[in-house]
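Me: I would like to go through this structure with you and ask, for some of the terms used to describe it, what each one rests on.

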Amino acid sequence: MSKLFIIPTPIGNLGDITFRAIDTLKSVDLILAEDTRTSLKLLRHYNIENNVESYHMYNEHKKLISIIEKLNSGFEIALISDAGTPGISDPGFLLVRECIKNNIMIECLPGPTALIPALVNSGLPSDRFLFEGFLPVKKGRTKRLKQLSAENKTIIFYESPHRILKTLNDLSSYFSKDSYVSISRELTKIHEETFRGTINDSIEYFKKKKPKGEFVIVFSPN
Ligand code: SAM
């Protein structure tokens, strides 16, 4: 039975993988991985010996047809990314859409992703929220921030250590400087930390403490 499995992998702590994820990664005919070297380390850790091919943002268009051909010939294929859930600010969407067009079964296993623990840690309303992923770096950034300034749901951004201060400064320009923000860093890792306070306080905090690691910003526009 051909099928595409979307398999979440840990965002830091290697204990955060499900039994079913490991079983599926062992049993499929092929694993597609964003960075084969990163994933081989992970696969070895769980004693998974299987065929691995690369599938990332620079080859995903080119590889689509050959992957669909393999699936149509009866392959079971698993897609993993470097961390978290494929398709969430990572490659995956194109392949899932192509499988749907070709009547190929898809199964996304539940598992690690950075946005959910950051949201729940924040103490901000989680009944409705807007996941924005990464803000555009240049083109479209101002337009997006203007659009978001009319929003009143909890907003979640992904950010890198190099741009976190720029993004916090931009948020302070488009929203009230007293807006509440919760910034989770290095989730599930040794140096996990969540800063909670106003946008202005967070800017002061990260000016003093050099931002390091991976960040999720959870933000209340009100
Ligand atoms: N697919 C991943 C997911 O499901 O969350 C997201 C991949 S995206 C390329 C990488 C971004 O996710 C990082 O820049 C950071 O914003 C966030 N992220 C991933 N792991 C994280 C962690 N352990 N702690 C905080 N943020 C993390």
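Me: In this predicted model, what is the handedness of the crossing of α6 and α7?

Reply: The crossing of α6 and α7 is right-handed, and the term is used because the near helix is turned clockwise from the far one by less than a right angle.

Me: Why are α6 and α7 called oblique to each other?

Reply: The axes of helix α6 (residues 141–148) and helix α7 (residues 164–174) cross at roughly 50° and come within 10 Å. Angles under 35 degrees would count as roughly parallel, and 65 to 115 as roughly perpendicular; the crossing angle of roughly 50° falls in neither range, and α6 and α7 are therefore oblique.

Me: How do you know where the largest pocket lies with respect to domain 1 and domain 2?

Reply: Residues of domain 1 (3–108) and residues of domain 2 (115–219) both contribute to the lining, so the largest pocket lies between the two domains. Its lining holds 25 residues, with A83, A114, F134, Y158 and E214 nearest the centre, and the elements giving two or more residues to that lining are β7 (154–159), β8 (180–185) and β10 (215–219). The space in this pocket is about 450 Å³.

Me: What makes a residue count as part of the lining of the second largest pocket, and which residues are they?

Reply: A lining residue has an atom within 4 Å of a point of the pocket, and those that meet this for the second largest pocket include E34, H56, M57, Y58 and E60. The lining divides into five nonpolar, four polar and three charged residues; G87 and G92, which belong to it, count as polar because Gly is placed in that class.

Conventions: Residues are numbered from 1 along each chain as its sequence is written. This is a predicted model: local features need pLDDT of at least 70, side-chain atom pairs count only at pLDDT 80 or more; totals for chains, interfaces and linings use all residues. Side-chain values use heavy atoms; hydrogens and water are left out. On a 1 Å grid over the protein atoms alone, a cavity is a set of points where a 1.4 Å probe fits but cannot get out, and a pocket is an open set with protein on both sides within 12 Å along at least five of seven lines; lining residues have an atom within 4 Å of a point. Grid points are joined across faces, edges and corners, and a volume is the space filled by probe spheres set on the points. Helices (H or I, at least four residues) and strands (E, at least two) are DSSP runs, numbered from the N terminus. Domain bounds come from an automatic or database domain assignment. Axes are lines fitted to C-alpha atoms, for helices over the stretch in contact, and angles run from 0 to 180 degrees between N-to-C directions. Angles under 35 degrees count as roughly parallel, over 145 as roughly antiparallel, 65 to 115 as roughly perpendicular and the rest as oblique.
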